[in-house]
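Reader: I should like to learn how to read several features of a model of this kind. May we take them in turn?

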Number of protein chains: 2
Amino acid sequence: MKGYNHTTYAILGLLTIGCHSGYAIKQMIDQSLNHFWKISYGQIYPTLKQLVQDDLATVEETSQEGKPHKKEYFITSKGEAELREWLQSPIDAIPVEKNNVLLKLFFSRHQPHDHTIAHLEAYKQKLQAHYHTYETIEQMIVSQLHEEKDAPYWLFTLDYGKRVTAAAVDWCSDTIQKLNDWEEI
Amino acid sequence: MKGYNHTTYAILGLLTIGCHSGYAIKQMIDQSLNHFWKISYGQIYPTLKQLVQDDLATVEETSQEGKPHKKEYFITSKGEAELREWLQSPIDAIPVEKNNVLLKLFFSRHQPHDHTIAHLEAYKQKLQAHYHTYETIEQMIVSQLHEEKDAPYWLFTLDYGKRVTAAAVDWCSDTIQKLNDWEEI
DNA sequence: AAGAACATGTAACGAGTTACATGATTGC
DNA sequence: GCAATCATGTAACTCGTTACATGTTCTT
C-alpha cells in the first residue's frame, strides 16, 4: 500500500527465491539479475532493515557464543501481498537507457574515423563477452536447476538479454563496416 | 583535464551542433538523443553555468530594453579540446540497463499467467511505438538534413535503436507465445 | 483574451555508489 | 600464517528528477 521503489521490490522478490541474507541477495543479483538489475550493499542492508520495520519481512539473528554475526530474513504474508500487488501493477514507461558509446558516436564527427572504429570494436567485444555469460548461465539453469519453479522465468529474461545483445553485436559489425567503406572513398 | 561526467560532455557536444541555449539543448535531447540519453533542466542550466566558469564555453546575454531574457552559449577552443579528449578516451564498461519489465517477469511465478502476458503485450506496444518514432526521425534526417555533417552519425545511433528495439519486440512476441502454449498444457 | 510555446532558473528530495570500518571462517 | 571468501553495516558524496517560481512571445 505504501509505494516502495523497484529496488525494494527486487529485494522482496529475492527473499522468495531462496535468498535470506544481504550477502546472498547481493550474490544472486550479481550472478543472475546482472543483465537488467544491480544493487549495492549500500542499498541492500538499509532496505532489509526497512522491510522488517514495515512488517514485510522478519529477521532471525544468529549471535550466540562467538558465532559469526549473521542475519536471516524471511518474507511475511504481508510482504507477499505487497509483492503480488507490485507484480500486477501496470508497467512503467520504458526508461531511457543511457548509452555512452552512442553518446560518443553521436559527436564523432570531431574525431578521426579510426578512433570511432576502435571504440566500436571495443564495444563489440564487451557485448560478446556478455552474450557468452548469458549462454553459460542458461546452460547452468537448464542442466542443474530445471526443477526450480522459477527457472522458466529466469530463462525468459536470459533470452531477452541474448537477443538484444546479439542485435547490438550485429549493429557493431555493420557500423564498423560502414565506417571502413566510408573511409575508402 | 578535470574530469566531467557524461552529461556535461553531452551538453558540450550539443553546443557544437547548433544548440546555443539551455532550451535548444533540451529540445534536441528530447527529440534526437531520446533513445540513449536524457537530461532535465535541473541539470542543463547549472552545467552551462559551470562550463562558462571553467572557460569551456562563453555566454552572450540578450537583455536590453524589455527584451526577453535570453542567453546564447558558444563552445571555446578549450571546450573543443576537452570534448575531443573525452571522445578519444576509452569507453566504459557497459552499464546495467535497469529493466522493470524483466524484473517483474523474473518473479512472475507468484502471478497468474494472463497478468504476465498482459504486461508483455503492453511492453511490446510501447516498444513498437518507440520503433515507429525512430523511423520517423530517420526519414526526417534522410529527407531534410542529409547535408548536415553530423547526419551519418545520427543515423548510426538511430539504426542501433531500431535494431535493438526490433529484437526486443520479437522477444515479446515469442515469449507471449511460449506463455500461451504453457497455459494450454 | 487565452493558451501554447518560448525561456531561465533553483531548492528539496530521492536514488544509488563508493569508500570505509569491522570481523569470522575456510582452504592452502 | 595468509589470502580468499563470507558477512554486515554506515557516511559522504554524486547524480538526477520534480516541483516550483517567473516572465515573454506567438498564434488563434
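Reader: Where is the place of A:Pro112 in chain A?

Author: A:Pro112 lies in the loop between α5 (100-106) and α6 (113-144) of chain A; helices (H or I, at least four residues) and strands (E, at least two) are DSSP runs, numbered from the N terminus. This is a predicted model, in which local features need pLDDT of at least 70 and side-chain atom pairs count only at pLDDT 80 or more, while totals for chains, interfaces and linings use all residues. Residues are numbered from 1 along each chain as its sequence is written, and chains are lettered from A and ligands numbered from 1 in the order in which they are written.

Reader: Is A:Pro112 buried or exposed?

Author: A residue is buried if 20 or more other C-beta atoms, placed from the backbone, lie within 10 Å of its own, exposed if 12 or fewer, and partly exposed in between. A:Pro112 is exposed, because 12 other C-beta atoms lie within 10 Å.

Reader: How should one read the buried residues of helix α2 of chain B?

Author: An α-helix has 3.6 residues a turn, so residues three or four places apart point the same way. In α2 (residues 22-32) of chain B, the buried residues are B:Gly22, B:Ile25, B:Ile29 and B:Ser32. They cover an arc of only 130° around the axis (taken from the directions from the helix axis to the C-beta atoms), which puts them on the same side of α2(B). On the face turned away from that buried side are the exposed residues B:Asp30 and B:Gln31.

Reader: Which residues does B:Ile11 touch?

Author: Contact requires C-beta atoms, placed from the backbone, within 7 Å. Leaving aside residues up to four places away in sequence, B:Ile11 touches B:Ile25, B:Ile44, B:Thr47 and B:Leu48.

Reader: How are chain A and chain B related?

Author: Two copies of a chain are related by a rotation about an axis and a shift along it. Here a turn of 180° and a shift of 0.0 Å along the axis lay chain B on chain A with an RMSD of 0.0 Å, superposed by least squares on the C-alpha atoms of residues with pLDDT of at least 70 in both. The two copies are thus related as by a two-fold rotation axis. The same surface serves both, as 100% of the contact residues of chain B recur in chain A.

Reader: How many residues of each chain are in contact?

Author: In chain B 55 residues are in contact with 56 residues of chain A. On the chain B side, α7(B) gives the largest share, 13 residues.

Definitions and conventions:
Two residues are in contact if their C-beta atoms, placed from the backbone, lie within 7 Å.
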